[in-house]
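This report walks through a model chain by chain. It then turns to a helix pair and a few single residues.

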Amino acid sequence: MVRPAMDPRTALARLTDVAANDVIPFAQRLSATMKRTADDLALRLVGPDFDERVRLVRSRYEAIGGDPFGYDADFAKYAVMVCSFFHRMYFRTESFGMENVPPGRVVLVANHSGQVPIDGAIIGSAMFLDANPPRMIRAMVEKWAVTLPFVAPFFTRVGQVVGVPENARRLLEMDEMLLVFPEGIKGISKPFSRRYQLEEFGLGFLRLAIETGAPIVPVAVIGAEEQYINLGNMRWAARAFGMPVFPLVPQLFAGGIPLPAKYRLYFGEPMHFSGDPDDDDAIIEEKVWVVRQTIQSMLNRALKQRKSVFF
Amino acid sequence: MTQDATRGNGSRFDRRAADVERRRQLRRSGDLLPVRAAKLIENGAVVITGICGRLGRRLARNLHRVRPVHGLDRRPFPDKPKDIEHHEIDVRRKKARDIFRRGDVGALVHLGVMHDPRGDSEDHHTWNVLGFQKLLDYARQYDVPKLVLVSSANVYGPRPDNPQFLTEDAPLLAASAFSDMRDLVELDMLAQSFFWKYPRTETVILRPTHILGTVKNAPSNYLRLKVVPTLMGFDPMMQVVHQDDLVQAILLSLQPGIRGIFNIAGPPPVSLSQGLSILGRPALPLPHTVARLGIDRLWRWRMTSFPAPELDFIRYVCMVDDSRARQVLGYAPRFDVEQTLRAVDEERWV
């Protein structure tokens, strides 16, 4: 018996049948599940009140006719979402003493560490996602970063400003929260052997705080030192490439992903300083020394309590 | 008076000594401006250089009904109001002195600053610097009690390490990256030294940010393009000021007792991309190197009048703090960002 040749129309009909009954519903179910998972993940990352927080921060700047430094709430939202993955899941940040941060103008002074300035982003996410009310952190960006394409508008839109004293003064007068790392580049590129030992502090932040009457909140960041292991700075390479430091970090040759150390943020009690902001360096240094010792002792205490680097 | 006695002597040195003594007396009495000068500032004639420009005509129309206005421009003023006295003279020529010789000049408003990067640099320099020096000489000789120079916030220069808002005491660094700005910086400096040397004249320097409107200047022309080229990966914050807000600031600075340098900014700043989206102009982002090379080429082939170093204005911030103008002058912009930006598309009726 000769089998009749398959009718091409029925073959097509069967194909559309399969598509309609199996493939498309499966794809729909899959996409629905994926969307739900993504939503769940987003909710777990940023928290249920994220939209409310974005709105609160935005309304603060809308009230003054837009942020004069170029903060863009709709753009910064996505930056915070990316940061929140690292904040909540990767580094699992724990914050202590956040209620010590007073409302209004304030200078957060933190230890700088970790080769890559993730510590700033984590403090920023903590203030945006965990503090009540949410606040936007303003940090100072290196001048050369402003000359780089894409980097410059990115920093502007997430509310970071060029690191000149005039800008810092203006921000504090706007009752903003300023984040300062007085150790500077020496702090962030510390070798592993000197972890959690503070470098010399600059004096500018204290003069600024006295001038604007802003309280200083010392912040100890634990965990950032372990994210990249710096075996030491290669001076000759730094000189050859014209860079300030050339840290020898084995991880950077293996994908460059930071180790998932657990971040702990300790916010100390606000410190108030008075006097003449234009005093001699020697007099300002004494006050800076007080801040530096406070942070060092906060670091020492936290390190003693810490059971594990990763948990 | 001592002054008359020494004038009889005829020695130039003595006259200067008497001048210094008189000024010292005035300062001691706490009233630097004699009563006559104060009256002259309020009612005397206003000499406007560059009156035939679009900004000059707007200022003249605002002023000519209240007080006498003299125009000083080498261009003709075809549809001028009847009560404006127009002198079609090159500032560099001696004839310009005659306007001041009558002694009824209450204020000199200098708008006739040339900024045409295409132009001959020799002509540019003599017009701007030597011409302005002549005007300053006349102001000193004939005791003009008020001098207003409309400089520009561009004299600070767009730089990566600029603070977000520059105050009046910031250094004028525009010429370090772009030498064609040298004349404008020098002009500003001349007025500053005049301010210190001749306190009998109330010198006012206005430094407005990008003036938008029917005026023909670089920022307005740039925003009038059908497709606006921008630099890929750069989006600086910008301040713009409506031409009529600037006219208001000039009128305010003509009041007696006002002196010094004032930054003039308009409504709160916006980023370049926000500004373009308000105007509904499509942007054409170009990588910086491509834009720079391309504009350099076009410039050499005389196909653009936009010099490549001016690209820094759409790359870095150059914004000013105008709180001094708001407090001392009482200046407040009347146009918001949207109105100011849209002003570039307005029909040019003057």
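Helices here are DSSP runs of type H or I with at least four residues, strands are E runs of at least two, and both are numbered from the N terminus. The model is predicted.

## Chain A: overall form

Chain A has 10 helices and seven strands. Its radius of gyration is 25 Å, whereas a compact globule of 311 residues would be near 19 Å. The C-alpha trace spans about 110 × 50 × 40 Å along its principal axes. Of the 311 residues in chain A, 35% are buried.

The domain assignment splits chain A into domain 1 (9-46) and domain 2 (50-305). Taken over C-alpha atoms, the centres of domain 1 of chain A and domain 2 of chain A are 44 Å apart. Contacts in chain A between residues at least 6 apart in sequence were also sorted by separation: 78% of them join residues at least 24 apart.

## A cis peptide in chain A

Which residues does a cis peptide bond join in chain A? They are A:Asn132 and A:Pro133, with omega at about -5 degrees. A:Pro133 sits in a loop of chain A. That loop runs between helix H4 (118-129) and strand S3 (137-141).

## Chain B: overall form

Chain B contains 14 helices and 13 strands. Its radius of gyration is 21 Å, and the globule rule gives 20 Å for 350 residues, so chain B is as compact as a globular protein of that length. Its C-alpha trace spans about 70 × 45 × 40 Å along the principal axes.

Buried residues account for 40% of the 350 in chain B. Among contacts in chain B with a separation of 6 or more, 75% come from residues 24 or more positions apart.

## Where the chains meet

How many residues of chain B are in contact with chain A? The count is 15, and they touch 18 residues of chain A. The chain B side of this interface holds nine nonpolar, four polar and two charged residues.

## The H6–H8 pair in chain B

Helix H6 (residues 121-141) and helix H8 (residues 182-197) of chain B have axes that come within 10 Å. These axes cross at roughly 10 degrees. Angles under 35 degrees count as roughly parallel, so H6(B) is roughly parallel to H8(B).

On the H6(B) side, the contact is made by B:His124, B:His125, B:Asn128, B:Val129, B:Phe132, B:Gln133 and B:Leu136. H8(B) supplies B:Asp183, B:Glu186, B:Leu187, B:Leu190 and B:Phe194. By class, the H6(B)–H8(B) contact has six nonpolar, four polar and two charged residues.

## Two buried residues in chain B

B:Asn128 belongs to helix H6 of chain B. Is B:Asn128 buried or exposed? It counts as buried, because it has 21 C-beta neighbours inside 10 Å, and the cut-off for burial is 20 or more. Beyond its neighbours within four places in sequence, B:Asn128 is in contact with B:Val113, B:Met114, B:Asp183 and B:Leu187. B:Asn128 and B:Leu286 are 158 residues apart in sequence, and their C-alpha atoms are 34 Å apart in space.

B:Leu40 lies in helix H3 (residues 35-43) of chain B. B:Leu40 has 22 C-beta neighbours inside 10 Å, so it counts as buried. Setting aside neighbours within four places in sequence, B:Leu40 is in contact with B:Gly106 and B:Pro145. B:Pro268 is 228 residues from B:Leu40 along the chain, and 36 Å separates their C-alpha atoms.

## Positive phi in chain B loops

B:Asp143 is not a glycine, yet its phi is positive, near 55 degrees. B:Asp143 is placed in the loop between H6 and strand S5 (146-150) of chain B. With 16 other C-beta atoms within 10 Å, B:Asp143 is partly exposed.

B:Arg302 also has a positive phi without being a glycine, at about 60 degrees. Its loop in chain B connects helix H12 (288-300) and helix H13 (323-329). B:Arg302 has 8 C-beta neighbours inside 10 Å, so it counts as exposed; the cut-off for that class is 12 or fewer.

Key. Residues numbered from 1 in each chain as written. Chains lettered and ligands numbered in written order. Predicted model: local features only at pLDDT ≥ 70, side-chain atom pairs only at ≥ 80, totals over all residues. Domains from an automatic or database assignment. Contact = placed C-beta atoms within 7 Å. Nonpolar A, V, L, I, M, F, W, Y, C, P; charged D, E, K, R; others polar. Rg over C-alpha atoms; globule rule 2.2 N^0.38 Å. Axes fitted to C-alpha atoms, helices over the stretch in contact; angles between N-to-C directions. Parallel < 35°, antiparallel > 145°, perpendicular 65-115°, else oblique.
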